[in-house]
Amino acid sequence: MEKRFIYADNAATTRVSDKVLEAMLPYFTKAYGNASSIYRLGRDAQRDVELARQKVAAAIGAEPTEIYFTSCGSESDNWAIKGIAEQQALKGKRHIITSVFEHHAVLHTCQYLEKKGFEVTYVPVNDKGFVDPADIQRAIRRDTALVTIMYANNEIGTIQPIGEIAAVCREMGVIFHTDAVQAVGHVEIDVKKQGIDLLSLSGHKIHAQKGIGALYVRRGITLPNFIHGGAQERNKRAGTENVPAIVGLGVAIEEAVKDIRGRSERITEKRNRLIDGILKIPYTRLNGDRDKRLPGNLNISVEGVEGESLLLMLDMNGICASSGSACTSGSLDPSHVLLSIGLKHEVAHGSLRLSIEEDITDDDVDYILEVIPKVVERLREMSPVWEKMMKGEEIV
Ligand SMILES: *Cc1c(COP(=O)(O)O)cnc(C)c1O
């Protein structure tokens, strides 16, 4: 078996596409003007920033004046949540609703606000990984300032009923934000039709560079400044514009939404082949729903193995993947997402996430399906947990 290199961790980050890189390059050494400068070089930069803003807006059905560029998806989440919290607190509203399985950019922001005297309701998700809009409805109170629910989960890929949740919020007069970092460019989004008030997105998950993001803020909502200083981003977010990154994001998002359906179908087919192949290994389970998930995401628990060991063995075979524990961040706790759908700690630990894109070939899929069962078999041979399981002993 010939060793390959397969990048199957696109939910962590993506490669900058050739088209994006090419579009960005002139802005480093030729069109390097400050977009606030009055001379031609500056005006050109300003024009290209605005063109990129139009592209981002068009991709999600927004108006250009509703798009603010930020430094990343995390910043967009922070700005949306802290901004609305601060603004609504002036009206005595100090309650926020989110879900238990949000990205840390949302969860840790909510925890910070709890320390500042806000109250946060964390709605549960069911065993398939979905938020129930009825739970949101029940959680809304007279003093609810904001509901923030992610569009698609970054670990298990489940796509939430965003239109329904937004409708509940709209009906009850509560502002609705969604972290759509994993969804943008993978599922069709129309903020107007879906009734979304604020939406976060990030460049590096859609083949732009790391360190660029955007926040959509519906007209009529006035968010407080997040970074104070110059007059950039219509006085809302100071700091000299990162022109190359902004231009790159514009190109990336335009490419991502082009032929989104066709691409989704093609990726889904390969993903399903991977799911079916991996599930042939005994004692495995698919996390999240089979159909209502991001086209390129699959997350499978493999009992009797450690996620970290699995990743290392896959790496030795040239496959980049991700797992359900966060050892890399210095903690051995299993993922809060996998626990939220009811997985036991030891099962969550042995989870594998692959996030693929269209560039993956049929041969790549075959290779992955050849490598994984072998690696799992070897790890299970060495695993005391597996040995106990096979003897029918209880695992503690
Ligand atoms: C990656 C990610 C983020 C953070 O985006 P950055 O640009 O890396 O800050 C936030 N939310 C979700 C769901 C993500 O997947």
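# Notebook: salt bridges, cores and helix packing

**Entry 1, helix H3.** I began with Asp44 and Arg40, which both lie in helix H3 (residues 40-60), four residues apart, or about one turn of the helix. I note at the outset that I am working on a predicted model. I looked up the side chains of this pair and found that Asp44 and Arg40 meet in a salt bridge, at 3.1 Å from N to O. I then asked whether Arg40 is buried or exposed. Arg40 has a relative accessible area of 54%, and I list it as exposed because the cut-off for that class is over 50%. I followed the charges further and found a network of salt bridges that links Arg40, Asp44, Arg47 and Asp48.

**Entry 2, from H3 to H10.** I next looked up Lys55. The side chain of Lys55 meets that of Glu254 in a salt bridge, with 3.6 Å from N to O. This pair links distant parts of the chain, since Lys55 is in helix H3 and Glu254 is in helix H10, 199 residues apart. I checked the accessibility of both partners. Lys55 is at 29% relative accessibility and counts as partly exposed. Glu254 has a relative accessible area of 34% and is partly exposed.

**Entry 3, other salt bridges.** How many salt bridges does a search of the whole structure find? I get 27 from that search. One further pair that I looked up is Asp190 with Lys193, whose side chains meet at 3.9 Å from N to O. Here I recorded one partner as partly exposed, Asp190 at 22% relative accessibility. Lys193, with a relative accessible area of 74%, is exposed. As background for these pairs, I note that side chains of opposite charge can pair when their charged atoms come close.

**Entry 4, nonpolar cores.** I turned to the interior. The largest nonpolar core has 65 residues, and those with the most contacts inside it are Ile136, Val147, Tyr151, Phe176, Ile189 and Leu199. Which helix gives the largest share of this core? I find that helix H10 (residues 243-257) does, with eight residues. I also found a second, separate core of 30 residues, which includes Ile267, Ile360, Val365 and Ile372. The general background is that nonpolar side chains tend to be buried together in soluble globular proteins.

I picked Ile136 for a contact list and left aside its neighbours within four places in sequence. What remains in contact with Ile136 is Ile97, Val123, Val131, Val147, Ile149, Ile165, Val168 and Cys169. Val147 appears both in this list and among the core residues with the most contacts.

**Entry 5, H4 against H5.** I looked up the packing of helix H4 (residues 73-89) on helix H5 (residues 104-115) and got an angle of about 30°, with the axes 9 Å apart. H4 and H5 are therefore roughly parallel to each other, as the angle falls under 35 degrees. Their crossing is right-handed. On the H4 side, the contact is made by Ser74, Asp77, Asn78, Ile81, Lys82 and Ala85. H5 contributes Ala105, Val106, Thr109, Cys110, Tyr112 and Leu113.

**Entry 6, H12 against H15.** I repeated the look-up for helix H12 (residues 307-316) and helix H15 (residues 362-381). The two pack at an angle of about 130°, with their axes 10 Å apart. H12 and H15 are therefore oblique to each other. I recorded the crossing of H12 past H15 as right-handed. The residues of H12 that meet H15 are Ser309, Leu310, Met313 and Leu314. Their counterparts in H15 are Val371, Ile372, Val375, Val376, Arg378 and Leu379. Of these, Ile372 is also one of the residues I noted in the second core.

**Entry 7, backbone of H9.** I checked phi for Glu233 and found a value near 50°, which is positive in a residue other than glycine. Glu233 lies in helix H9 (residues 232-235). Phi of Arg234 is also near 50°, and Arg234 has its place in helix H9. I then compared the accessibility of the pair: Glu233 counts as buried at 5%, whereas Arg234 is partly exposed at 34%.

**Entry 8, Glu171.** My last look-up was Glu171, which lies in helix H7 (residues 162-171). Glu171 counts as exposed at 66% relative accessibility. How far apart in space are Glu171 and Gln137? I get 9.6 Å from C-alpha to C-alpha, for a pair 34 residues apart in sequence.

Technical notes: Residues are numbered from 1 along each chain as its sequence is written. This is a predicted model: local features need pLDDT of at least 70, side-chain atom pairs count only at pLDDT 80 or more; totals for chains, interfaces and linings use all residues. Side-chain values use heavy atoms; hydrogens and water are left out. A nonpolar core is a set of buried Ala, Val, Leu, Ile, Met, Phe, Trp, Tyr and Cys residues joined through side-chain atoms within 4.5 Å. Buried means under 20% relative accessible area, exposed over 50%, partly exposed in between (1.4 Å probe, protein chains only). Contact means heavy atoms within 4.5 Å. A salt bridge is a side-chain nitrogen of Lys or Arg within 4 Å of a carboxyl oxygen of Asp or Glu. Axes are lines fitted to C-alpha atoms, for helices over the stretch in contact, and angles run from 0 to 180 degrees between N-to-C directions. Angles under 35 degrees count as roughly parallel, over 145 as roughly antiparallel, 65 to 115 as roughly perpendicular and the rest as oblique. A crossing is left-handed if the near helix is turned anticlockwise from the far one by less than a right angle, and right-handed if clockwise.
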